[in-house]
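Visitor: May we look at this protein together?
Guide: Certainly; here it is.

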Amino acid sequence: MPNEKILITDDEASIRTALAGRLTANGYTVFQAENGRQGIELARSEEPDMAIIDLQMPEMDGMEMLKHLREEFPELTVVIMSGYGTIEKAVEAMKLGAFDF
């Protein structure tokens with residue numbers, strides 16, 4: 001079983017809970033944040049191996065969080081997810097260093 005740590009940042013609790021449940025069941029240690037600022041703080045304290053970030057969140061969106069994570073944790077694997085993604089946003093995320101969109 002994997003022992004990697006994954007940070008999930010999404011303002012929708014149901015999405016966080018569903019993802020965390022599946023990942024935990026597969027052996028991952030999961031940390032949840034409800035916004036970008038909280039996600040960055042958890043990344044600093046827990047040093048995850050991967051971050052899954054929602055694109056659209058209040059206060060700090062996924063792109064801004066991605067920029068902060070890239071500056072502090074250049075080796076962190078980051079995946080941006082969205083139900084409202086566009087090709088332009090996907091290209092932007094990849095240029096900013098996202099592993100996938």
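**The sheet**

Visitor: What is the strand order of the open sheet?
Guide: The open sheet has 4 strands in the order S2-S1-S3-S4, with parallel pairing. Strands here are DSSP runs of E with at least two residues, and helices are runs of H or I with at least four, numbered from the N terminus. Two strands pair if DSSP finds at least two bridges between them.

Visitor: Which are the edge strands?
Guide: Strand S2 (29–33) and strand S4 (77–81) are the edge strands, as each pairs on one side only.

Visitor: How many bridges join S1 to S3?
Guide: Strand S1 (residues 5–9) and strand S3 (residues 50–54) run parallel and are joined by 4 bridges. Isoleucine 8 stands opposite isoleucine 52 in S3.

Visitor: Is this model predicted, and how are residues numbered?
Guide: It is a predicted model, in which local features need pLDDT of at least 70, side-chain atom pairs count only at pLDDT 80 or more, and totals for chains, interfaces and linings use all residues. Residues are numbered from 1 along each chain as its sequence is written, and side-chain values use heavy atoms, leaving out hydrogens and water.

Visitor: What pattern does the protein follow along the sequence?
Guide: The pattern is β-α-β-α-β-α-β-α, with 4 helices and 4 strands in the protein.

Visitor: And what percentage of the residues count as buried?
Guide: Of the 101 residues, 39% count as buried, meaning under 20% relative accessible area with a 1.4 Å probe, protein chains only.

Conventions. Buried < 20%, exposed > 50% of the residue type's maximum accessible area, 1.4 Å probe, protein only.
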